[in-house]
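Welcome, and open your viewer. We will take a walk through one protein chain, stop by stop, and at each stop you will select something and look around.

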Amino acid sequence: MKKFVILGGGYGGLTIALNMLEKDLPEDTILEMVDRSPFQGLKTEYYALASGTIAETHIRVAYPDDPRLLLTYGEVSAVDLEKKEIRFEDREPLTYDWLVIGLGCVDSYHGIIGAMEHSSSIQTLAQTRATYQRINNIAPYGQVSIIGGGLSGVEMASELRESRPDLNIRLIDRGPSLLSAFPSNLQQYVREWMIEHHIELRPNVSLCRLDGGDLYNGDEIIRTDATIWTAGIQPNPIVEALNVPKDRQGRIMLNEYHQIPEHQDVFVVGDCASLPFSPSAQAAQAQGKQIAEAMQAIWKGETPRLGKIKLRGTLGSLGKKSGFGIMGKRTLMTGKIARMLKSGVLWKSKRHFG
């Protein structure tokens, strides 16, 4: 029997599995998905879990229950592209005939001393649980500093304000404005929301070191009781160790079928893939759908025909009652409608509707 193995049951990997199960698999092929967890965690909602506004069960998604899908749980430690072998920390290696690498990302600390040791993360479910405990143990009137004014930092700060109105919340960014990738009028809306809800904004801060509760901005020391890191991501270290061409962000360069050109039996999806747009759940799902289509064509002996991926837009939340978003290239929205749309996207994701 041949094996098509998917490493990672996140947005991209799960989309590939679901799309393949909608079709007929070759009789001589096993579909196997590998993940450290027995369910998918909706990563775009980890900020709410860390803040304490939702329970973990709210963002768990069950993997498909299908006899054609073999689920394997374990912590991947390395991938050997030459031997076509996946290695684990806690079990025997696994071989493959075709492979999808969808191992996600880790925090990028930009070389800042002490950042990894003295900050909390919301990258994995385990880290997010620990961050929730860290925040939950802060006494009233304590100080939380969130590093990074992008989408994750903004959502984390606003959700935490709703969960813990007793805390002092500070949002630190090295740039001049929140949400630098968004249009200026949307930036202004979010900035005004933050000020109205008593979240301290600290732009143009260049941290050089973290030491316990001390954040060093040059000679200035910024005191905090807890630090949450949302200041950038980079591909999983397993991907970093692969000797294949990568872009400046360390993501793997791919051909038009999402394959590694030198290893066309290997596809890459999500945060590990070099794409013409920023990593996101939506991009991973769109890419995953195309990988499933490409593999089905290959099994039939046909040349895959894939169109250009078009993203619908980006939505963000400001607590449970407000939000913001940009649809297409021009349509901006703010307030309750944007928040309702994001809730609808979450509802669809939990039910495997994309």
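Before the first stop, here is a term you need: helices (H or I, at least four residues) and strands (E, at least two) are DSSP runs, numbered from the N terminus. Keep in mind, too, that what you see is a predicted model.

**Stop 1: two residues with positive phi**

Select Asn204, which sits in the loop between strand 13 and strand 14 (209-211). Asn204 counts as exposed because its relative accessibility is 51%, and exposed means over 50%. Now look at its backbone: Asn204 has a positive phi of about 55°, although it is not a glycine. What is the usual sign of phi? Most residues other than glycine have a negative phi.

Next, select His110, in the loop between strand 10 (105-107) and helix 3 (125-136). Here phi is near 55°, again a positive value in a residue other than glycine. His110 counts as partly exposed, at 39% relative accessibility.

**Stop 2: into helix 3**

Move on to Leu125, which lies in helix 3. Is Leu125 buried or exposed? With a relative accessible area of 11%, Leu125 is buried. Show what surrounds Leu125: leaving aside neighbours within four places in sequence, Leu125 is in contact with Phe39, Tyr46, Leu49 and Glu56. Then add Ser37 to your selection. Leu125 and Ser37 are 88 residues apart along the chain, and their C-alpha atoms are separated by 9.0 Å.

**Stop 3: a buried methionine**

Select Met295 in helix 7. Its relative accessibility is 0%, so Met295 counts as buried. Which residues does Met295 touch, not counting those up to four places away in sequence? They are Phe4, Met20, Trp98 and Phe267. For a distance to try in your viewer, pick the C-alpha atoms of Met295 and Gly270: the two residues are 25 residues apart in sequence and 17 Å apart in space.

**Stop 4: salt bridges**

Now for some charged pairs. Side chains of opposite charge can pair when their charged atoms come close. How many salt bridges does the structure hold? The structure holds 16 salt bridges, and we will visit some of them.

Start with Asp265 and Lys84. They form a salt bridge in which the closest N and O atoms are 3.1 Å apart. Asp265 lies in strand 20 (residues 263-268) and Lys84 in the loop between strand 6 (76-80) and strand 7 (85-88), so this pair ties together parts that are 181 residues apart in sequence. Color the two partners by accessibility: Asp265 counts as buried at 17%, while Lys84 is partly exposed, with a relative accessible area of 26%.

Select Arg164 and Asp166 next. Their side chains meet in a salt bridge of 2.7 Å, N to O. Arg164 is buried, with a relative accessible area of 12%, and Asp166 is partly exposed, with 24%.

Then select Glu200 and Arg170, whose side chains meet in a salt bridge of 3.2 Å, N to O. Glu200 lies in strand 13 (residues 199-202) and Arg170 in strand 12 (residues 168-172), so the pair ties together parts that are 30 residues apart in sequence. Glu200 counts as partly exposed at 33% relative accessibility, whereas Arg170 is buried, with a relative accessible area of 9%.

After these pairs comes a small group: Glu45, Glu155 and Lys342 are joined into one network by salt bridges that share partners. Zoom in on Glu45, in the loop between strand 3 (40-41) and helix 2 (46-51). Glu45 counts as buried, at 6% relative accessibility. Beyond its neighbours within four places in sequence, Glu45 is in contact with Ile54, Ile59, Lys342 and Leu346.

**Stop 5: a positive patch**

Finish at the surface. Which residues form a positive surface patch? Select Lys308, Lys310, Lys329 and Arg330, and you have it in view. One of them, Lys308, is placed in the loop between helix 7 (281-299) and strand 21 (313-318). Lys308 counts as exposed because its relative accessibility is 74%. For a last look, show Lys308 together with Met295 from Stop 3: Lys308 is exposed, and Met295 is buried.

Definitions and conventions
Residues are numbered from 1 along each chain as its sequence is written. This is a predicted model: local features need pLDDT of at least 70, side-chain atom pairs count only at pLDDT 80 or more; totals for chains, interfaces and linings use all residues. Side-chain values use heavy atoms; hydrogens and water are left out. Patches are made of residues with over 30% relative accessible area and no salt bridge: like charges are joined within 9 Å, nonpolar side chains (Val, Leu, Ile, Met, Phe, Trp, Tyr) within 5 Å. Accessible areas come from the Shrake-Rupley method with a 1.4 Å probe; for residues, only the protein chains shown count as cover. A salt bridge is a side-chain nitrogen of Lys or Arg within 4 Å of a carboxyl oxygen of Asp or Glu. Lys and Arg count as positive and Asp and Glu as negative; His and the chain ends are not counted. The place of a charge is taken as NZ of Lys, CZ of Arg, CG of Asp or CD of Glu. Buried means under 20% relative accessible area, exposed over 50%, partly exposed in between (1.4 Å probe, protein chains only). Contact means heavy atoms within 4.5 Å.
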